[in-house]
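Trainee: Could you take me through one part of this model slowly? I'm new to it and would like to see how that part fits with its surroundings.

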Amino acid sequence: MKGIIFDLDGVIVSTDEQHYLGWQALADKLGIPFSREVNNRFRGVSRMACMDILEEIGDKCYTEQEKIAYATWKNDYYRSLLSELTPADLSEDVKSTLDALRAKGLKLAIGSSSKNTKFILERIGLADYFDAISDGTNISKSKPDPEVFLKAAEFLRLNPEECLVVEDATAGVDAAHAGGMKAVAVGDAAEKFYGDFILESFDELLKVV
Ligand code: G6P
Ligand code: MG
């Protein structure tokens, strides 16, 4: 293993919670029933694809323009919550594990479907930390398509099979496998035992590589 590709929301930082609050607020506004369980389907999935799922759950039929307006409303709400994010939101466990992996000579990258990736990394003080960033701004297909991870491997100048993916989304684990990579599961994916390695705490990653 030469490189590790980390998902962002729910792996490096718990912004998956702010995503949930944003979608819950939009669902309330539109009169659509929503829950944390439904929100798990949104993990790793692009903003507009989440909007499509919300439309399906609510049995609604919105125009493309309406969907863009609602997704923008959710993103504005989400970004207002992110404005409270600070470097203190990066856990000591995550930071020390990243440093230890880097000390082992591994290359580290982000592989996230989010278009807010760079903003979040800046807020938590990791803007210049990773060797490569592949995110929602450089892909056309979101997880479970492997595009975001294949791009991350390419940016690291590594072959996919030389990279390990760390994910909290089942769609992200599927994306890693579709790209020929093994996946380490944390969070929701770990609770579902969905992945090649299941972590109970982030620092257990040091035992996997
Ligand atoms: C990540 C999150 C998803 C989110 C997607 C797009 O993959 O897990 O829940 O929908 O990013 O995020 P964005 O910040 O671009 O709306
Ligand atoms: Mg995630």
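Trainee: What do the buried residues of α8 pack against?

Mentor: Happy to. This is a predicted model, where local features need pLDDT of at least 70, side-chain atom pairs count only at pLDDT 80 or more, and totals for chains, interfaces and linings use all residues. Residues are numbered from 1 along each chain as written, chains are lettered from A and ligands numbered from 1 in the order written, and side-chain values use heavy atoms, without hydrogens or water.

Now to your helix. The buried residues of α8 pack against α7 (147-156), β4, β5 (182-185) and α9 (187-191). Helices (H or I, at least four residues) and strands (E, at least two) are DSSP runs, numbered from the N terminus, and contact means heavy atoms within 4.5 Å. The residues doing this packing are A171, G172, V173, A175 and A176. Buried is under 20% relative accessible area, exposed over 50%, and partly exposed in between, with a 1.4 Å probe on protein chains only. Just past the end of α8, G180 takes a positive phi of about 80 degrees.

Let's follow the contact with α7. In that helix, E147, V148, F149, A152, A153 and L156 are buried. They pack against α8, and also against β1, β2, β3 and β4. Going into α7, the loop from β3 holds P144, and the peptide bond from K143 to P144 is cis, with omega near 15 degrees. Coming out of α7 you meet R157, in the loop that leads to β4. Its phi is positive, near 60 degrees, in a residue other than glycine. R157 counts as exposed, at 74% relative accessibility.

Next, the strands. Six of them form an open sheet in the order β3-β2-β1-β4-β5-β6, with parallel pairing; two strands pair if DSSP finds at least two bridges between them. β3 (132-134) and β6 (197-198) stand at the edges with a single partner each, so one side of each is left without a neighbour in the sheet. β4 is the strand to watch here, as α8 packs against it. β4 pairs with β1 in the parallel sense over four bridges, with I5 standing opposite V165 and F6 opposite V166. On its other side, β1 is joined to β2 by four bridges, again parallel, and there I4 stands opposite L108. Both faces of β1 are covered: G3 and I5 on one side, I4 and F6 on the other, are all buried.

The loop between β4 and α8 (170-178) leads us to the metal. Which protein atoms hold the magnesium ion (ligand 2)? The protein donors are D7 (OD), D9 (O) and D168 (OD), lying 2.0 to 2.1 Å from the ion. Donors are N, O and S atoms within 2.8 Å of the metal (3.2 Å for Na, K and Ca); water is not among the atoms, so sites may look incomplete. Along the sequence these residues are spaced D-x1-D-x158-D. D7 sits in the loop between β1 and α1 (16-30), while D168 sits in the loop between β4 and α8, so the pair ties together parts that are 161 residues apart in sequence. Both D7 and D168 are buried.

What about the nonpolar interior? A nonpolar core is a set of buried Ala, Val, Leu, Ile, Met, Phe, Trp, Tyr and Cys residues joined through side-chain atoms within 4.5 Å. The largest has 30 residues, and those with the most contacts inside it are F6, I12, L98, L108, L126, F130 and L205. The elements giving two or more residues to it are β1 (3-6), α4 (64-82), α5 (92-103), β2 (107-111), α6 (117-123) and β4 (163-167), and α5 gives the most, with three. I12 shows how crowded a spot there can be: leaving out residues up to four places away in sequence, it touches F6, D7, L90, V94, L98, I110, I124, L126, F130 and F202. A second, separate core of 20 residues brings us back to your helix: it includes A176, along with A109, V148 and A189. You met V148 among the buried residues of α7, and A176 among those of α8.
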